[in-house]
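Me: Could you pick one part of this model and take me through it closely? I would like to see how the side chains there fit in with the rest of the chain.

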Amino acid sequence: MIQLKKNTRRAAGFTLLELLVVVAIIGLLAAYVGPRYFAQVSKSEQGVAKAQVQAFARALGAYRLDVGHYPSTEQGLGALVTQPSDAEKWNGPYLDKAVPNDPWGHAYVYRVADSEDDFELICYGKDGQPGGSGTAADITNR
């Protein structure tokens, strides 16, 4: 008689234990990499805010050279894009696009000093409030 061999090969696929091990490894990697990734995002947002403040300060300097004074506090940074009625020598626009909000969605604060020979440009950071430290630290042109 011919004996038939019984096929004892295992069915293809993963066991529940193997899947749990893979999920645990992915969880450990996410716990390790996640905080480092989000720390880099915060640093990049601060870098963008600093670069924008510097770009606005340069544009305000060009505005002052052309017009003879900085835009008033009321005119704000919009005077860099749209000619104010009292600026006959305006040679703008001094920015390519409209003035954006800071990386956290807050408007930049622009104030002219009493002497009108200086200005203050402020980004209040992530919290949008004066003061703070870390990602909530103020970024200014000074």
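Reply: Happy to. Let's start with aspartate 118 and arginine 142, whose side chains meet in a salt bridge at 3.2 Å, N to O (a side-chain nitrogen of Lys or Arg within 4 Å of a carboxyl oxygen of Asp or Glu). This pair links distant parts of the chain, 24 residues apart: aspartate 118 is in the loop between S1 and S2, and arginine 142 is in the segment after S3. Helices (H or I, at least four residues) and strands (E, at least two) are DSSP runs, numbered from the N terminus. Aspartate 118 is partly exposed at 33% relative accessible area, whereas arginine 142 counts as exposed at 60%. Here buried means under 20% relative accessible area, exposed over 50% and partly exposed in between, with a 1.4 Å probe and protein chains only.

A word on the model itself: it is predicted, so local features need pLDDT of at least 70 and side-chain atom pairs count only at pLDDT 80 or more, while totals for chains, interfaces and linings use all residues. Residues are numbered from 1 along each chain as its sequence is written, and side-chain values use heavy atoms, with hydrogens and water left out.

The strands on either side of that loop belong to an open sheet of three strands, in the order S1-S2-S3 with antiparallel pairing; two strands pair if DSSP finds at least two bridges between them. Strand S1 (109–112) and strand S3 (139–140) stand at the edges with a single partner strand each, so each has one side left without a neighbour in the sheet. S1 and strand S2 (residues 119–123) are joined in the antiparallel sense over four bridges.

One of the places to look along S1 and S2 is arginine 111, whose bridge partner in S2 is glutamate 120. Their side chains also make a salt bridge, with the closest N and O atoms 3.3 Å apart. In general, side chains of opposite charge can pair when their charged atoms come close. Arginine 111 is partly exposed at 35% relative accessibility, and glutamate 120 is partly exposed too, at 25%. The structure holds two salt bridges, and you have now met the one between aspartate 118 and arginine 142 and the one between glutamate 120 and arginine 111.

Next to these charged residues in sequence, we come to aromatic ones. Phenylalanine 119 is buried, with a relative accessible area of 6%, and tyrosine 110 is buried at 7%. Their ring centres are 6.1 Å apart with planes at 40°, so the pair is tilted. Rings of Phe, Tyr and Trp (its six-membered ring) pair if their centres lie within 6.5 Å; planes under 30 degrees apart count as stacked, over 60 as edge-to-face and the rest as tilted. The structure has five aromatic pairs. Among them is tyrosine 70 with phenylalanine 119, which is edge-to-face: 4.8 Å centre to centre, with 65° between the planes. Tyrosine 70 lies in the loop between H1 and S1 and phenylalanine 119 in strand S2, so this pair ties together parts 49 residues apart in sequence. Tyrosine 70 counts as buried as well, at 12%.

Tyrosine 110 is worth following further. Not counting residues up to four places away in sequence, tyrosine 110 touches Leu60, Tyr70, Pro71, Ser72, Thr73, Gly76, Leu77, Phe119, Glu120 and Leu121, where contact means heavy atoms within 4.5 Å. Tyr110 is also among the residues with the most contacts inside the largest nonpolar core, together with Leu60, Tyr63, Leu77, Leu80, Tyr108 and Leu121. That core has 23 residues; a nonpolar core is a set of buried Ala, Val, Leu, Ile, Met, Phe, Trp, Tyr and Cys residues joined through side-chain atoms within 4.5 Å. H1, S1 and S2 each supply at least two of its residues, and H1 gives the most, with seven.

That brings us to helix H1 (residues 16–67), where glutamine 52 is found. Glutamine 52 is buried at 19% relative accessible area. Leaving aside neighbours within four places in sequence, glutamine 52 is in contact with Pro100, Asn101, Asp102, Pro103 and Tyr108.

Stepping back, the chain has one helix and three strands, running α-β-β-β from the N terminus. Of its 142 residues, 25% count as buried.
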